[in-house]
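Trainee: Could you take me through the side-chain contacts here, and show me how each label is earned?

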Amino acid sequence: MTLLVHTFVYDEHGRSRLLDDPEDGSDMAGTEVCRTALWGSDAARALGARFLPEPATGDLYVEPEDVDDFLAECALLHRNAAALAGGGGDRRDYVVARLAHLTRAALRTRTVGGGVLVW
């Protein structure tokens, strides 16, 4: 399975509704193993990640009021991508690409007042 990232808004009844996301594959947040081996890893937690470790146990909903904090976490992890990757340029590139997808999704929400779903 694949770990996906999408954007959502709440409708007038308070239900979340997924928005149309780009069709270029930028909805990929990693393979299923990334839930624990990357985003939920001890390395990510040691850096202070609090959002991205959540998919290790369930879906992550970043509420609209938390998007700026989520973006800051993505930037923190990006600065430390080599440590998260555990070495190797290809692994670092993989981490950076997935963080770019997560960041773009969060930035898309700013224009609609929505949130981010990683599942």
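## Side chains and their labels

Mentor: Let's start with a charge and a ring: Arg98 lies over the face of Tyr94, at 4.5 Å from the ring centre. Before we go on, this is a predicted model, where local features need pLDDT of at least 70 and side-chain atom pairs count only at pLDDT 80 or more, while totals for chains, interfaces and linings use all residues. Residues are numbered from 1 along each chain as its sequence is written, and side-chain values use heavy atoms, with hydrogens and water left out.

Trainee: What makes Arg98 count as lying over the face of Tyr94?

Mentor: The rule wants NZ of Lys or CZ of Arg within 6 Å of the ring centre and within 35 degrees of the ring normal. Arg98 is at 4.5 Å from the ring centre and lies over the face of Tyr94, so the label fits.

Trainee: How many disulfides are there?

Mentor: The structure has 0 disulfides. A disulfide needs two cysteine sulfur atoms within 2.5 Å. The sulfur of Cys34 is 14 Å from the closest cysteine sulfur, the one in Cys74, so that is too far for a bond.

Trainee: Why is Cys34 called buried?

Mentor: Buried means under 20% relative accessible area, exposed means over 50%, and partly exposed is in between (1.4 Å probe, protein chains only). Cys34 has 5%, so it is buried. Cys74 has 1%, so that one is buried as well.

Trainee: Now the rings. How many aromatic pairs does a search of the whole structure find?

Mentor: The search finds 3 aromatic pairs. One of them is Phe8 with Tyr61, at 5.5 Å centre to centre and 70 degrees between the planes.

Trainee: What makes the pair of Phe8 and Tyr61 edge-to-face?

Mentor: Rings of Phe, Tyr and Trp (its six-membered ring) pair if their centres lie within 6.5 Å; planes under 30 degrees apart are stacked, over 60 edge-to-face, and the rest tilted. Phe8 and Tyr61 have 5.5 Å and 70 degrees, so they pair, and edge-to-face is the right name. Phe8 sits in strand β1 (residues 2-10) and Tyr61 in strand β4 (residues 60-62), 53 residues apart. Helices (H or I, at least four residues) and strands (E, at least two) are DSSP runs, numbered from the N terminus. Phe8 is buried at 0% relative accessibility, whereas Tyr61, at 40%, is partly exposed.

Trainee: How do you know that Phe51 and Phe70 are edge-to-face?

Mentor: Their ring centres are 5.8 Å apart and their planes are at 85 degrees, so the pair is edge-to-face. Phe51 belongs to the loop between α2 (42-46) and β4, and Phe70 to helix α3 (residues 67-79). Phe51 has 5% relative accessibility, so it counts as buried; Phe70 has 0%, so it is buried too.

Trainee: Last topic: why is the contact of Glu32 and Arg35 called a salt bridge?

Mentor: A salt bridge is a side-chain nitrogen of Lys or Arg within 4 Å of a carboxyl oxygen of Asp or Glu. Glu32 and Arg35 are at 2.6 Å, N to O, so they qualify. The count by this rule is 4 salt bridges. Another of them joins Asp69 and Arg50 at 3.4 Å, N to O. Asp69 lies in helix α3 and Arg50 in the loop between α2 and β4, so this pair ties together parts 19 residues apart in sequence.
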